[in-house]
Amino acid sequence: YFVKKAALAPLYGLVLTGGRSQRMKKDKALLNYNGQAQALEVYNLLSEFCGNTFISARKDQWNDTKFNDYPQITDRFLNMGPAGGILSAQWEHPKASFLVVACDLPFLEINTINNLLSNRNPFKLATCYLSQHFKGMPEPLCSVYEPKSFHRIMNFMGLGYTCPRKALINSPVKSLELLESNALENVNYPAEFEQAVERLSHLTI
């Protein structure tokens, strides 16, 4: 009965683009690693698995850009970083589960997403990978958040913890080991971007 009930919840995709990209000095969602803006790379990837996929953004962030033609969810929980984008999506679609991915993961591939979804446990608050940078801790920006995680994240926001990792650490989640160690390596600085482009060029030869 409960397996059938869990299966009724739609799976939506959410591409997080609402950050200020202050360290990169340009919007990370627009960086081009493989021939198009990275946010669109992630959008297309998630769309292969999800009934609907949305771009999470600040109000008016993508006016007069090509992103404005894609489904968006505007932040209603402000100054909360990625958690604000996740909560905003859950507020707008409270019965959906969300596959949430940040826009700054250029090494993310279909196998990583497929493995995450194949091992998803809808009875936990979330299914996530273990971080390569924070050993033994969950990686919140490539995870599936179930509908009931909304209240848990909200509770931690009320306590002043704006990082969704804090909520995941202290919640019943399913954690997975990464298949590829660099799959969730993010890029924050111009030098890292240039290095990532160089590494990816060798992978595609």
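## Close-up views of a predicted model

**View 1. Strands 1 and 4 run side by side.** Strand 1 (residues 11–16) pairs with strand 4 (residues 97–102) in the parallel sense, and the pairing covers six bridges. Keep in mind that this is a predicted model. For a spot to look at, try Gly13, which stands opposite Leu99 in strand 4. Helix 2 (residues 38–47) packs on the sheet here, and it touches strand 1, strand 2 (52–57) and strand 4. The direction of helix 2 makes about 170° with that of strand 1.

**View 2. Strand 1 has another partner, strand 2.** These two also pair in the parallel sense, over five bridges. Look for Gly13 again: it stands opposite Thr53 in strand 2. What holds paired strands together in general? Strands of a sheet pair through backbone hydrogen bonds, and the pairing can be parallel or antiparallel. Is strand 2 mostly covered or mostly open? It is mostly covered, with five of its six residues buried.

**View 3. Now step back to take in the sheet.** It's an open sheet of seven strands, and the pairing is mixed. Going across it, the strand order is 3-2-1-4-6-5-7. Which strands sit at the edges? They are strand 3 (72–74) and strand 7 (173–176), each of which pairs on one side only. From one strand to the next, the twist averages 30°.

**View 4. Helix 3 is mostly covered.** Helix 3 takes in residues 82–92, and eight of its 11 residues are buried. Which ones are they? Reading along helix 3, the buried residues are Ala83, Gly84, Gly85, Ile86, Leu87, Ser88, Ala89 and Gln90.

**View 5. Helix 7 has a buried side and an exposed one.** Three residues to find in helix 7 are Phe193, Ala196 and Leu200, which are buried. Why do they lie on the same side of helix 7? Because they cover an arc of only 65° around the axis. Swing over to the other side of helix 7 and you'll meet Glu194 and His202, which are exposed. You can check the length of this helix too: at 1.5 Å a residue, the 14 residues of helix 7 (residues 190–203) should span 20 Å. The end C-alpha atoms are 20 Å apart, which agrees.

**View 6. Zoom in on Glu192.** You'll find Glu192 in helix 7. Its relative accessible area is 29%, so Glu192 counts as partly exposed, a label that runs between the 20% and 50% cut-offs. What does Glu192 touch, leaving aside its neighbours within four places in sequence? Glu192 is in contact with Asn186 and Val187. Met24 is 168 residues away from Glu192 in sequence, yet their C-alpha atoms are 9.1 Å apart in space.

**View 7. One last look, at the chain as a whole.** The chain has seven helices and seven strands. Follow the sequence and the pattern goes α-β-α-β-β-α-β-α-β-β-α-α-β-α. The radius of gyration is 16 Å, close to the 17 Å that the globule rule gives for 205 residues, so the chain is as compact as a globular protein of that length. Along its principal axes, the C-alpha trace spans about 50 × 35 × 30 Å. How much of the chain is buried? Buried residues make up 48% of the 205 residues. Among contacts between residues at least 6 apart in sequence, 70% join residues at least 24 apart.

Methods:
Residues numbered from 1 in each chain as written. Predicted model: local features only at pLDDT ≥ 70, side-chain atom pairs only at ≥ 80, totals over all residues. Heavy atoms only, no water. Helix = DSSP H or I, 4+ residues; strand = E, 2+ residues; numbered from the N terminus. Expected span 1.5 Å × (residues − 1). Buried < 20%, exposed > 50% of the residue type's maximum accessible area, 1.4 Å probe, protein only. Arc of directions from axis to C-beta. Pairing = 2+ DSSP bridges. Axes fitted to C-alpha atoms, helices over the stretch in contact; angles between N-to-C directions. Contact = heavy atoms within 4.5 Å. Rg over C-alpha atoms; globule rule 2.2 N^0.38 Å.
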